[in-house]
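Q: I am new to this structure and would love a close look at one part of its surface. Could you walk me through the nonpolar patch and the charged contacts around the protein?

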Amino acid sequence: MASPREQFVVDAKGRKTGVIVPFRRYQKVIEDLRDLAIAAERRDEKPIPLAEMKRRLKKDDIIGSCFKAVCREGPSFLAKGNG
């Protein structure tokens, strides 16, 4: 089966006025746009050193709880989109 491609919507004069894309591709584009918007918003933020970020994650028990879940459930925990 051929992979779905873009389909163009044209007006009466044959000018492209829109495009139809596969839904998964649309979702990926929207996700990428959101990521770019977040990066642009944070452009002027001061970077956080790695040691400081690790300290914060441990303090909030984000590292510990994720590590425990991976140990309990194995690599499939991360493959399910967790972590």
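A: Let's begin with the patch. Phe-8, Val-10, Val-19, Val-21, Phe-23 and Tyr-26 make a nonpolar surface patch of about 590 Å². A patch is made of residues with over 30% relative accessible area and no salt bridge, where like charges are joined within 9 Å and nonpolar side chains (Val, Leu, Ile, Met, Phe, Trp, Tyr) within 5 Å. Accessible areas come from the Shrake-Rupley method with a 1.4 Å probe, and for residues only the protein chains shown count as cover. Strand 1 (7-10) and helix 1 (23-41) are the elements that give two or more residues to this nonpolar patch. Here helices (H or I, at least four residues) and strands (E, at least two) are DSSP runs, numbered from the N terminus.

A word on the source: this is a predicted model, in which local features need pLDDT of at least 70 and side-chain atom pairs count only at pLDDT 80 or more, while totals for chains, interfaces and linings use all residues. Residues are numbered from 1 along each chain as its sequence is written, and side-chain values use heavy atoms, with hydrogens and water left out.

Back to the patch: Val-10 has its place in strand 1. With a relative accessible area of 46%, Val-10 is partly exposed; buried means under 20%, exposed over 50%, and partly exposed in between (1.4 Å probe, protein chains only). Phe-8 has a charged visitor, as the charged end of Lys-16 sits over its ring, 4.1 Å from the centre. That label requires NZ of Lys or CZ of Arg within 6 Å of the ring centre and within 35 degrees of the ring normal.

Now for the salt bridges, of which the structure holds five. Each is a side-chain nitrogen of Lys or Arg within 4 Å of a carboxyl oxygen of Asp or Glu. One of them links Glu-6 and Arg-25, with the closest N and O atoms 1.9 Å apart. Glu-6 lies in the segment before strand 1 and Arg-25 in helix 1, so this pair ties together parts that are 19 residues apart in sequence. Glu-6 is partly exposed at 29% relative accessibility, and Arg-25 is partly exposed at 45%.

Helix 1 also holds a salt bridge between Asp-32 and Lys-28 (3.0 Å, N to O). These two residues are four apart in the helix, about one turn. Asp-32 is partly exposed at 32%, and Lys-28 is partly exposed at 46%.
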